[in-house]
Structures are given as C-alpha cells and as structure tokens.
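Here are my comments on the model you sent, set out as numbered points. They start from a single helix and work outwards to the chain as a whole.

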Amino acid sequence: MNRLRLLVLWLSTGTVSAASAAGFVAIPWFVLMTTGSAANVGMVTAAELVGMLLATALSGPLIDRVGPARTAPLADLAAALCIGAIPLAETTTGLTLWSLMSLAGAFGAFREPGQTARRVAVPELVGNAGVAMERGAGGMDAALRAGHLSGAPLAGGALALFDPPGVLWIATAVMTLSALLVAYAARGVTTSGSAGQDTSEGFARRFAAGIGYLRRDRLITWIVVLLLLTNTLDLALTGVLLPTYSARILHDSLALGVLVGALGGAALTGNLLFTWLGARVRRRRMLFTFAFALGPIPPHLAMAAGSGFAVLFCVVVGCGLVAGMINPILAAVSYERIPAELRGRVLSLTTLVAQGGTPLGVLFGGLAVEGIGLRTTLTCTALLYLVALAIPVLGGGWHEMNRPRTRPTAEEVVVGSTPHGGQELVDSSSPGCGRQTEDRGW
C-alpha cells in the first residue's frame, strides 16, 4: 500500500504536469483565436508566468503550515477552476482582456504550490515505501519530464480535433483527476510545519526561517547557485542558440523540432536509468565527473564546430541521456537534508532562485549572437559552463553529497545551534550521534 501511494504520487505529478503544459499551449491559442492579437497573447502568457513566480516565492510558508496532504489537492482544484472558468465565461458573460489575464495569472499561481507540495511529501512517502531516496527523487523528476513532454503535443493534437474551449475543458478534467490522485497519495502524510511549532507565528518570520536555512546549509546554497548558472545557460541554448543554429547553419525548421524532442526524450531515459541505478553510485562522482561534464557542454562545442545534423543529433541524444541524471541527484540530496518543517519554504525558494536567471539567459543569448556571432557565443557558453562547474572545487561541503546527514530543527536553523553560528550536520553513522535523521526510510 505504501509503495502504491508513492506510485500514485508520481502519476499525479505527471498528470498535472501534462495538464499544465497543455494549458500553456491551449490558453495562448484560445486568445489568438478569439482576439486575433499577438500582443494579447503575450500579455496573457506574461500574466500566467508572473502568477507562477509570485506563488513560487510566497507559497512555501503556507505549505509548511497546512501540510502537503491538503495543499496539493486544493491547489490542483483551484487551478482546474481557473482554467475551466475561461471557456465558461466566454460562453456566458464574455471575457475582457483583463479578466482573461487575471484567470491566467491565477492558473499559474495555483498550479505551482501543488507541485511544490508534492515534493514536500516525497521524503515521507519514500520512507514509508522503504525505497532508496534516489528512486523516489528520480521517479518524481521522470514523471515531471514525461508530463511536460506529452502535454504540449497532446494539446496540439487536441486543438486539431476540437475547438480551443473544448481543449480547455479537457485540461480542466485532467487537472481535476490529478487533484483526486494526489489526495489519495498524500493522505496520511504528516509532514507539516505546524507540528510542534507556534501556529501564530507570522508569515514574515516563517519566510525568514526558510532564508535562514539557505544561509546556513552551505551545500544546498551552492546547489542553488550552480543551478542558477546552469539553468540560465540551458535556456539560452534551447531558447536562442539551438533555434538560431537550426535556421542559419542547418537551414531546416524540422531539424529544430527533432533535436528538441530528442533532447527531452533522452533526458527522460537518463532519468529513468538513474531511478533504477542511482542508489548504487556515488553521487558526487556521478554528478560532476559524468553528468555535468558529459551532459550540457558537448552540444555547445559541437555547434561551435559547425557540426551537421547527424553528428549533432548523436551528440544531443548522448548528452541528454547523461544530463537527465542531474536533477534526481540534486533532488535526493535536498530531500535528505532539508528539515520536514521547513521543506515547503526552502523548496519554494530554491525553485525561485534556480529559475530566476532564465529570462536573462534568453535575453543575453540573443544579444550575444547578434553582437559577436553564433559560433563565438557557443564557445563562450561552453567556457561559462566550465566556470560554473568549478564551483564545487571552491568548497561548499560538496563531499557531503555522498551520504545522508542529520538535519537541524527549525528552531536550530533560526537561532543557530553551533558555537560558530553555522549549521551542524552530523553523519548519522558516526558514533555518539545525538540526533536521528527524520523520515529516514532508505
């Protein structure tokens, strides 16, 4: 039964990811078909992204206080109502641009807390199921990738068969299904910041506790910094450099679609491979000497060398297979280290910071291509990746990735329990260890 709940959590994650990706396609198409204005499409899409970012920044304290068992299904239901309200309002009272932007922004805001709440529930469900944390984290990331990969194509196919309001109704139904699935999966999950804490504590103090944890856990902080840099470079690649290369060098729009699809499919395959084998490898060695070094850098170098489609396809597939192992490794480390009562706040903040540079990646990627040329830009991005990978050499406790560590309580994170004001993370296998790791089941 416990393993079934973990499987259902993965299924609900994939389902809500597919519905979200479908909504991200169907809503702009609906706007374009009803208003005929590309500017309106941009405004509605921007409203959805702003809502998502605001929710990512602010929802953590609420998730910790209410708990994932209630937050995830309620967030999914609210998102379903928002996306369903769009075609309903269109056929009844009519939609203005501002009301459409409001509904799109609310849709983006509600769907993100549901995903964060699922991640908060992972360690307890993994512990109850008695499986390795690597498998739990890998399954979550695989479900997320599968949903993103399938949602947009399915929405595109549905738009060829149904009108845009019909597709939005389908997305509403799928989002509702995901709420029912996660309600079953997370039932009985006790992870909540309210346990043993003062529930009258204000939002600002609870939010500050999450920031305080990031300041004291050097490993998690450096992971976030590394992801900030690499995500920025990744979006520059997929959002600007790869499309430009396909247009100017390969002269084939179909090549772009095939390369992007191959990259996503290979990353999903690599993710599933790590889910199977992850518990048998040393995380740090796998991450830096294999996944990072052989994953993101070679495509930049292959394009900088002017490779043809066949060579670039092989490079993208091989590197995507390896790069798909990165997220599960970092997620497993985060699940093990972050205290249960702070998990919602810290995971929300890490997601916000890790994705914060992606708009700049697209912006500066485009400016660099026009300023110094495509191949020079690709050479520079490869070098920047090498610089980013030098971060672990500088310290930051990266050696702690290879074994679970005990975690401080929320009070210790806020006030600092060690004489030097830092965080004391003790190897749970060492003699005389005074604290037991929470939610250990792997």
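1. Helix H14 is a convenient place to begin: its 12 residues reach 17 Å from the first C-alpha to the last, close to the 16 Å expected at 1.5 Å a residue. Please keep in mind throughout that this is a predicted model. H14 is mostly covered, since 10 of its 12 residues are buried. The buried set comprises nonpolar residues such as Ile-326, Ile-329, Leu-330 and Val-333, and it also includes Ser-334, Glu-336 and Arg-337.

2. Helix H2, residues 38-58, can be checked for length in the same manner. Its 21 residues should span 30 Å at 1.5 Å a residue, and because the end C-alpha atoms are 30 Å apart, the expected and computed lengths agree. Among the buried residues of H2 are Asn-40, Val-41, Val-44, Glu-48, Gly-51 and Met-52.

3. On the overall architecture, the protein chain has 18 helices and 0 strands. Of its 442 residues, 53% count as buried. The accessible surface comes to about 18500 Å², and 69% of that area belongs to carbon and sulfur atoms. If one takes the contacts in the chain with a separation of 6 or more, residues 24 or more positions apart account for 87% of them.

4. The interior deserves a paragraph of its own. In soluble globular proteins, nonpolar side chains tend to be buried together. In this model the largest nonpolar core has 42 residues, and those with the most contacts inside it are Leu-6, Leu-9 and Ile-223. The elements that give two or more residues to this core include helix H1 (2-35), helix H5 (97-129), helix H9 (218-250) and helix H14 (326-337), the last being the helix of my opening point. The largest share, 7 residues, comes from H5. A second, separate core has 25 residues, among them Val-16, Ala-80, Cys-82 and Leu-159.

5. Several residues early in the chain can be followed from here. Leaving out residues up to four places away in sequence, Leu-6 touches Leu-125, Val-126, Ala-129 and Val-131. Leu-7, found in helix H1, counts as partly exposed because its relative accessibility is 46%, which lies between the 20% limit for buried and the 50% limit for exposed. The C-alpha atoms of Leu-7 and Gly-136 are separated by 9.3 Å, although the two residues are 129 residues apart along the chain. Arg-5, for its part, lies over the face of Tyr-184, at 4.7 Å from the ring centre.

6. Two serines are worth inspecting in the viewer. Ser-20, which has its place in helix H1, counts as buried because its relative accessibility is 6%, under the 20% limit. With residues up to four places away in sequence not counted, Ser-20 touches Phe-107, Arg-111 and Met-175. Ser-246 is found in helix H9 and is likewise buried, with a relative accessible area of 2%. Apart from neighbours within four places in sequence, Ser-246 is in contact with His-251, Asp-252, Ala-255, Leu-256 and Leu-259.

7. How many aromatic pairs does a search of the whole structure find? The search finds 1, formed by Phe-309 and Phe-313, whose ring centres are 6.0 Å apart and whose planes meet at 35°. The pair is described as tilted because 35° falls between the 30 degrees below which rings count as stacked and the 60 degrees above which they count as edge-to-face. Both residues lie in helix H13 (residues 309-323), 4 residues apart, which is about one turn of the helix. Phe-309 is partly exposed, with a relative accessible area of 34%, and Phe-313 is partly exposed as well, at 30%.

8. A last remark concerns Ala-323, which also lies in helix H13. At 21% relative accessibility Ala-323 counts as partly exposed, because buried would require a value under 20%. Ala-323 and Gly-295 are 28 residues apart in sequence, yet they are 4.5 Å apart in space, C-alpha to C-alpha.

Notes: Residues numbered from 1 in each chain as written. Predicted model: local features only at pLDDT ≥ 70, side-chain atom pairs only at ≥ 80, totals over all residues. Heavy atoms only, no water. Phe/Tyr/Trp six-rings, centres within 6.5 Å; stacked < 30°, edge-to-face > 60°. Buried < 20%, exposed > 50% of the residue type's maximum accessible area, 1.4 Å probe, protein only. Lys NZ or Arg CZ within 6 Å of the ring centre and 35° of its normal. Contact = heavy atoms within 4.5 Å. Areas by Shrake-Rupley, 256 points an atom, 1.4 Å probe, with all protein chains shown as cover. Core = buried A, V, L, I, M, F, W, Y, C linked by side-chain atoms within 4.5 Å. Expected span 1.5 Å × (residues − 1).
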